[in-house]
Amino acid sequence: MGDLEIRAAVADDVPAIVGMLADDPLGAQRESPDDLTPYLSALERLSADPNQRLVVAVREERVVGTLQLTIIPGLSRRGATRSIIEGVRIHAEERGSGLGTELIEWAIEESRAQGCQLLQLTSDKTRADAHRFYERLGFTASHTGFKLQL
C-alpha cells in the first residue's frame, strides 16, 4: 500500500479534504466542494490556533484521510486537558485498509504528547459502522450529545 505520512494540512489539500467530507450521505447535504472559499478561510483560522491540528494522511503523494484534533485546557477533572477528534474521513478507496486505525492512533499519541487526560469524539447516530470502529479502538459510548444550530 505504500508508506503513509500524517502531516499538517495545507491549502493545496483543501480540495481533497472537502471531497472526502462530502463523500457520504450526511456530508453531501452539508458540504459544498464547488466553493472552497469558506474552507480556505477556516484553514487559515485553524492554522493560526496552536490548539488545533488539522492533519491529512498522504500515501503516494495523494491525500487519503483527514481528521481535526482540538486540544482543550480545562478546570474540570482537576484541571485536566482533553482533546476532541472531529471530521474523520477516509478516502473511499482506502476504507478497510487500516488507515482509519492509523489516524486515530496518531490522534491518541498526539493527545498524550500534549498532556491530555481524556480524548473524546462524537459520531452521528446513523453511523453504525463508525460506532463499531471506535468501540473496537477502546472508545466507550458514555454520553448523550446535544447540538444547537446557530
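**Exercise 1. Locate Thr70 and describe its surroundings.**

Step 1. Thr70 lies in strand 3, which covers residues 62–73; helices (H or I, at least four residues) and strands (E, at least two) are DSSP runs, numbered from the N terminus. The model is predicted, so local features need pLDDT of at least 70 and side-chain atom pairs count only at pLDDT 80 or more, while totals for chains, interfaces and linings use all residues. Residues are numbered from 1 along each chain as its sequence is written, and side-chain values use heavy atoms, with hydrogens and water left out.

Step 2. The relative accessibility of Thr70 is 13%, so this residue counts as buried. Buried means under 20% relative accessible area, exposed over 50%, and partly exposed in between (1.4 Å probe, protein chains only).

Step 3. A polar contact of 3.4 Å links the side chains of Thr70 and Gln68. Such a contact is a pair of N or O atoms within 3.5 Å; within protein, one must be able to donate a hydrogen and the other to accept it, and residues adjacent in sequence count only if both atoms are side-chain atoms.

Step 4. With neighbours within four places in sequence set aside, Thr70 is in contact (heavy atoms within 4.5 Å) with Asn51, Gln52, Arg82, Ser83 and Ile84.

**Exercise 2. Determine how strand 3 pairs with strand 2 and with strand 4.**

Step 1. Strand 3 is mostly covered, with nine of its 12 residues buried.

Step 2. On one side, strand 2 and strand 3 pair in the antiparallel sense over eight bridges; two strands pair if DSSP finds at least two bridges between them. Within this pairing, Arg53 stands opposite Leu69.

Step 3. Strand 2 and strand 3 form a hairpin with two residues between them.

Step 4. Strand 3 is also joined to strand 4 by eight bridges, and these strands run antiparallel. Leu69 has Ile85 as its bridge partner in strand 4, and Gly65 has Ile90.

**Exercise 3. Follow the chain from strand 4 to strand 5.**

Step 1. Strand 4 spans residues 81–90, and seven of its 10 residues are buried.

Step 2. Strand 4 pairs with strand 5 (residues 116–121) in the parallel sense, over five bridges. In strand 5, Leu121 is the bridge partner of Ile85.

Step 3. The chain passes from strand 4 through helix 5 (residues 99–113) to strand 5, a β-α-β crossover that is right-handed. This hand is assigned if, with the strands pointing away from the viewer, the path from the first strand over the helix to the second runs clockwise.

**Exercise 4. Compare the expected span of helix 5 with the distance between its ends, and describe its packing.**

Step 1. The expected span of a helix is 1.5 Å times one less than its number of residues. Helix 5 has 15 residues and should therefore span 21 Å. Its end C-alpha atoms are 21 Å apart, which agrees.

Step 2. The buried residues of helix 5 are Leu99, Gly100, Thr101, Leu103, Ile104, Ala107, Glu110 and Ser111. They pack against strand 1 (4–8), strand 2 (52–59), strand 3, strand 4, strand 5 and helix 6 (128–136).

Step 3. Glu110 belongs to helix 5 and counts as buried because its relative accessibility is 19%. Apart from neighbours within four places in sequence, Glu110 is in contact with Arg53 and Leu69.

Step 4. Helix 5 is followed by Gly115, whose phi is positive, near 80°.

**Exercise 5. Describe the positive phi values of Glu60 and Arg77.**

Step 1. Most residues other than glycine have a negative phi.

Step 2. Glu60 has a positive phi near 50°. This residue lies in the loop between strand 2 and strand 3 and is exposed because its relative accessible area is 64%.

Step 3. Arg77 is not a glycine either, yet its phi is positive, about 55°. Arg77 lies in helix 4 (residues 76–79) and is exposed, with a relative accessible area of 55%.

**Exercise 6. State how UniProt annotates residues 4–150 and what the chain contains there.**

Step 1. An unreviewed UniProt entry places the feature "domain: N-acetyltransferase" at residues 4–150. UniProt positions are given in the numbering used here, feature names are shortened, and annotations may be inferred rather than shown by experiment.

Step 2. Over residues 4–150 the chain is 37% helix and 28% strand, and the end C-alpha atoms are 38 Å apart.
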